[in-house]
Amino acid sequence: MQGGGEYDRHSSVQQTTMECVASWLHEAAARVALPDEPMPIGIADFGCSEGRNSILAAGHVVTELRRRRAMQPICIVHADLPTNDFNQLFANLHDPNASNYFHDHGNARPHIFPSVVGGSFYGPLLLPGSVRFATSFLAVEWLDRLPDVRVPEFISYIRGSTAAQNAFAHQAAQDLMAFYKHRSVELAPGGQLLIIIPGRNDTRVCSDGLNELLNDACADLVESGRLDRDRFERFLFPVYFRSLEELLAPVLEAGSPIRKCYRVERAEAFEVPAPFNEELRRTGDRSAYAEAYTGFARAIAEPLFRAQLLGPEDDPSIIAMLFDRVRERLLEYPDRYVFHNIEVAALLTRT
Ligand SMILES: C[S@@+](CC[C@H](N)C(=O)[O-])C[C@H]1O[C@@H](n2cnc3c(N)ncnc32)[C@H](O)[C@@H]1O
């Protein structure tokens, strides 16, 4: 994700998505098995990025836990890749003008201990049995590694051959198994795991619209000779969109090594309205729509495009041109690239 606060500034889609399952967080926090006082209660969010949504989500959990245990120490871990902009997360957390789970406009809340961990959530990250409440929002769709397949005509496996689609599905299944397995070690019995990821339902795939938009903008730059065709044809987003069945398969399927580790409390696929679509419908303001949608796309895709579409000899400003094309296309064709935020979510209890 983009650093320097860019991700946070352009993540209202992600915030709306997290808020959609806020009631799940409260329900689970009211139920979760807690350690005896004064042992600390561990909370962890996996894939926290710059922290705006991660801090808000942890806030929902802390609010509910405080109704049950007014003074018990609570340790909150925000985890992400070592390349993540954790400085921005600390800036958010300590912002004296903010009120969050850690402080209220500079006045510390009692017995709250935040920290961060840098590492991949496809491996072990936290002490065994140390977590009572684990969350992950819009992160586990990112694959641990890109399958060795080519889809030269598009930037996502979605339009690839059956072999390419199967390779992505296989990698995604392995990754999800690893994610659940490592969390099952870190979670104490009775602990809760809420996972929500961009996915698919019977009719749509999340990122319908977004993929086409980015693909078309890249193709424009290839046509005008600014972007290398071979790099473009090799590029693939390392992202997979699961169905609800795929999200639950490791937990439910006979023969799965973690089948007895979790009980499914709740699982759903749903579409979350994207704020910029709603605003366009309300105001008809195309330019505000193009600006907001471009910012959202850029916060997610820019670092990957910069790393993979540009060679060492290329002018870095090509990436800015690419997102100018994204904005122009949205202004020209506001109905062509409608983003559909299809999400799949599961709330599990560690048995
Ligand atoms: C779209 S952002 C979501 C951020 C935040 N959860 C939210 O809802 O706004 C996805 C995050 O997942 C992180 N991520 C991707 N793969 C990861 C991995 N293997 N281990 C840890 N974090 C990962 C990315 O670095 C990024 O910060």
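## A mixed sheet and two nonpolar cores

The protein chain in this predicted model has 12 helices and nine strands. Its radius of gyration is 21 Å, close to the 20 Å that the globule rule gives for 351 residues, so the chain is as compact as a globular protein of that length. Some overall values for the protein chain:

| Property of the protein chain | Value |
|---|---|
| Box filled by the C-alpha atoms, along the principal axes | roughly 65 × 50 × 40 Å |
| Residues that count as buried | 55% of 351 residues |
| Exposed area | about 15100 Å² |
| Part of the exposed area supplied by carbon and sulfur atoms | 52% |

Contacts reach a long way along the sequence, too: of those with a separation of 6 or more, 82% are between residues 24 or more positions apart.

Now for the sheet. Seven strands make up an open sheet with mixed pairing, and reading across it the order is S5-S2-S1-S6-S7-S9-S8. Which strands stand at the edges? They are S5 (112–118) and S8 (262–272); each has a single partner strand, so one side of each is left without a neighbour in the sheet. On average, and ignoring direction, neighbouring strands are turned by 15° against each other.

Further in, S1 (residues 41–46) and S6 (residues 131–137) run parallel and are joined by three bridges. Across this pair, Asp45 stands opposite Thr135 in S6. Helix H6 (residues 162–186) packs on the sheet, where it touches S1, S6, S7, S8 and S9, and its direction makes about 150° with that of S7. Helix H2 (residues 12–20) also meets the sheet: H2 lies across S6, S7 (187–198), S8 and S9 (341–350), and runs at about 135° to S8.

On to the nonpolar cores. The largest has 49 residues, and Leu214, Phe237, Tyr293, Phe305 and Phe339 are the ones with the most contacts inside it. H6 turns up again here: along with H7 (210–223), H10 (275–283), H11 (286–309) and H12 (317–332), it supplies at least two residues of this core. Which helix gives the largest share? That's H11, with 10 residues.

Tyr293 is worth a look on screen. Leaving aside neighbours within four places in sequence, Tyr293 is in contact with Gly209, Leu210, Leu213, Phe276, Leu330, Tyr337, Val338 and Phe339. Apart from the largest core lies another, of 31 residues, including Val21, Ala58, Tyr101 and Ile112.

How values were computed. Residues numbered from 1 in each chain as written. Predicted model: local features only at pLDDT ≥ 70, side-chain atom pairs only at ≥ 80, totals over all residues. Heavy atoms only, no water. Pairing = 2+ DSSP bridges. Helix = DSSP H or I, 4+ residues; strand = E, 2+ residues; numbered from the N terminus. Axes fitted to C-alpha atoms, helices over the stretch in contact; angles between N-to-C directions. Contact = heavy atoms within 4.5 Å. Core = buried A, V, L, I, M, F, W, Y, C linked by side-chain atoms within 4.5 Å. Buried < 20%, exposed > 50% of the residue type's maximum accessible area, 1.4 Å probe, protein only. Rg over C-alpha atoms; globule rule 2.2 N^0.38 Å. Areas by Shrake-Rupley, 256 points an atom, 1.4 Å probe, with all protein chains shown as cover.
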